[in-house]
Amino acid sequence: MIVLPGQKVADAAQPGQGVFIEDNKTYASTLAILRDGRVIPQKGQYKPLVEDFVVGLVKDVQFNGYHVDVNAPFESFISNRESLEEFKAGEVVSAKVVEVNELHEATLSQPRKFPPGTVIEISFVKVPRVIGRNGSMLDMIKTATGTEIFVGKNGRIFLTGGNIKLAIKAIGKIDAEAHTQGLTDAVKEFLEKNKENDA
Amino acid sequence: MSTTNPPKPLFREDGKRLSGREDTDLREIKMQVGIFKKAQGSAMAEWGKNKVVAGVYGPKEVFPKFLADPYKGIIAARYIMAPFSGAEEHGRAGPNRRSLEISKVVRHVFENNVLLQEFPKTGIDIQMEVIQSDGGTRVTAIAAASLALIDAGIPVYDIVTPISVGKVGGKMVVDLDKDEDNFGEGDLPMAFSLRTGELLLWQMDGLISRDELEDGLNKGFEAAQKVRVVQEAALKEKYGDFNGSDTGQN
């Protein structure tokens with residue numbers, strides 16, 4: 001069921017994404033789907049969380065590290081003690097969020113440069129659908145297209161090798177139809193139908 | 001309130017208003033969400049002959065940086081009337097005294113509506129462009145801006161439902177148009193959060209007694225329910241097919 005901002009979703013306090021609590025009751029704060037008592041936001045911007053793997057863009061190089069754009073309105077930083085590699089402004093890296101302060105500013109670690117490839121951006125609330133249950137959706141796209149795919153929790157996806165065009169189209173389809181039922185079957189059909197077209 | 005036209009009777013002989021409406025009737029309201037592809041969130045509201053488009057960006061970095069608040073996000077609202085929007089010429093495009101005032105009160109409305117504490121050191125931009133005006137553009141602008149904020153995915157406490165009330169020919173009537181606004185005794189724009197019944201905006205221009213003020217507030221609260229229905233319908237029209245959906249999470 002779709003819930004609009006301000007609509008009550010639970011009579012008890014249930015903290016989570018896309019909700020706020022007032023007088024011990026829980027209300028939706030964004031457009032969301034309410035399913036089995038769980039609120040699944042359909043809109044929103046990425047907020048770094050500890051343990052997330054993200055795809056970041058190096059914005060600025062300083063003597064002690066790098067400022068990184070992780071598709072969030074808050075600053076993120078990688079110390080250059082984390083890596084022997086050196087990065088330049090404009091490079092795309094993968095990294096893990098190890099600490100988030102009260103201003104939602106993230107400290108990242110384990111930065112890795114990507115091999116030559118493509119980065120695309122989707123809405124971050126749709127990342128779970130691209131991955132699928134236990135990675136089923138992602139595995140399916142990988143096997144069908146032969147593309148290496150790295151999905152960052154912040155909505156940025158890195159792709160390289162194989163039939164990239166088809167993989168991007170499939171992910172675009174998931175992004176557009178993330179709220180529909182039986183998406184895995186629809187994407188499977190889509191991949192089989194277009195296998196030859198974009199090869 | 002200034003015009004060169006001579007005042008005219010504001011009620012017809014059968015007691016109805018010049019537009020043929022009863023005292024508590026609204027004009028036709030149409031709203032649409034997500035009309036612009038490039039904006040993060042957008043909406044259009046058509047309220048009678050009023051036409052306002054709103055766009056929302058953010059949260060994002062604040063410039064200049066000293067304006068940023070380390071405890072909460074800030075809102076920058078901009079209400080602008082197009083030079084071709086009114087019956088009289090509006091002169092040079094850009095902000096003027098009136099539009100700066102409205103930008104300020106709209107900012108205060110949304111400062112009490114957005115969960116700003118979730119976005120420290122960031123800013124949210126709300127832009128409202130009036131492309132056609134016929135009295136009550138600030139309430140139309142707030143209605144559009146509220147939908148645009150939700151379309152942008154910015155967490156809010158409630159949909160903001162605005163309505164204007166005013167005293168015309170000695171009577172409190174709902175949703176004034178341009179003639180009633182210009183030749184009436186006073187107007188009373190207001191905005192509600194209907195979930196709690198909170199008043200987010202309450203301005204007054206003209207001469208209205210204490211009893212009339214209360215009468216106007218009650219009439220406005222009732223009429224706001226009808227506006228709210230249109231706002232919810234606009235959101236559900238864009239996102240309605242989410243019903244009964246399956247969202248497998250990993």
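Which residues are buried in helix H4 of chain A? In this predicted model, they are Leu183(A), Val187(A) and Leu191(A), and the helix itself covers residues 183-193. They sit on the same side of H4(A), because they cover an arc of only 70° around the axis. Now turn to the face of H4(A) that points away from this buried side: here you meet the exposed residues Asp185(A), Glu189(A), Glu192(A) and Lys193(A). What do the buried residues of H4(A) pack against? Their partners are helix H1 (127-131), helix H2 (136-145) and helix H3 (164-176) of chain A.

## Chain A as a whole

With that helix in mind, let us step back. Chain A has four helices and 14 strands. Its C-alpha trace spans about 50 × 50 × 20 Å along the principal axes. Of the 199 residues in chain A, 37% are buried. Among the contacts in chain A with a separation of 6 or more, 52% are between residues 24 or more positions apart.

The chain is divided into three parts: domain 1 (2-41), domain 2 (53-113) and domain 3 (118-193). Between the C-alpha centres of domain 1 of chain A and domain 3 of chain A there are 28 Å.

## Strands side by side

Three strands of chain A make an open sheet, in the order E1-E5-E6, with antiparallel pairing. Strand E1 (2-3) and strand E6 (38-41) of chain A are at the edges with a single partner strand each, so one side of each has no neighbour in the sheet. E1(A) is joined by two bridges to strand E5 (residues 32-35) of chain A.

Another strand to follow is E9 (residues 76-79) of chain A. In a regular strand, side chains alternate between the two faces of the sheet. Along E9(A), Ser76(A) and Ile78(A) point to one face and are buried, whereas Phe77(A) and Ser79(A) point to the other and are not.

E9(A) pairs with strand E8 (residues 65-69) of chain A in the antiparallel sense, over four bridges. The hairpin of E8(A) and E9(A) has six residues between the strands, and in it Asn71(A) takes a positive phi near 70°. E9(A) is also joined to strand E11 (residues 106-113) of chain A, this time by three bridges and running parallel.

Here are some bridge partners to find in the structure:

| Residue | Bridge partner | Strand of the partner |
|---|---|---|
| Ile2(A) | Ile33(A) | E5(A) |
| Gly65(A) | Ser79(A) | E9(A) |
| Phe77(A) | Thr107(A) | E11(A) |

## The nonpolar cores

Which residues touch the most other members of the largest nonpolar core? In this core of 72 residues, they are Ala54(B), Ile126(B), Ala144(B), Ala145(B) and Leu149(B). Helix H2 (residues 137-151) of chain B gives the core its largest share, ten residues. A second, separate core has 35 residues, including Val54(A), Ala72(A), Ile171(A) and Leu183(A). You have already met Leu183(A) as one of the buried residues of H4(A).

Ala145(B) makes a good place to look around. Apart from neighbours within four places in sequence, Ala145(B) is in contact with Ala54(B), Val106(B), Phe110(B), Ile126(B) and Met128(B).

## A closer look at Val168(B)

Val168(B) belongs to strand E6 (residues 160-168) of chain B. Is Val168(B) buried or exposed? With 23 other C-beta atoms within 10 Å, Val168(B) is buried. If we leave out residues up to four places away in sequence, Val168(B) touches Leu10(B), Val173(B), Leu176(B), Glu180(B), Gly184(B) and Glu185(B). Take Glu185(B) from that list: Val168(B) and Glu185(B) are 17 residues apart along the chain, and their C-alpha atoms are separated by 5.7 Å.

## Where the two chains meet

How many residues does each chain bring to the contact? Chain B brings 31 residues and chain A brings 29 residues. On the side of chain B that touches chain A, the elements giving two or more residues are strand E3 (50-61) and helix H4 (210-239) of chain B. The largest share of that side, four residues, comes from H4(B). Sorted by class, the side of chain B that touches chain A has 13 nonpolar, nine polar and nine charged residues.

Notes
Residues numbered from 1 in each chain as written. Chains lettered and ligands numbered in written order. Predicted model: local features only at pLDDT ≥ 70, side-chain atom pairs only at ≥ 80, totals over all residues. Domains from an automatic or database assignment. Buried ≥ 20, exposed ≤ 12 C-beta atoms within 10 Å, placed from the backbone. Arc of directions from axis to C-beta. Contact = placed C-beta atoms within 7 Å. Core = buried A, V, L, I, M, F, W, Y, C linked by C-beta atoms within 7 Å. Pairing = 2+ DSSP bridges. Nonpolar A, V, L, I, M, F, W, Y, C, P; charged D, E, K, R; others polar.
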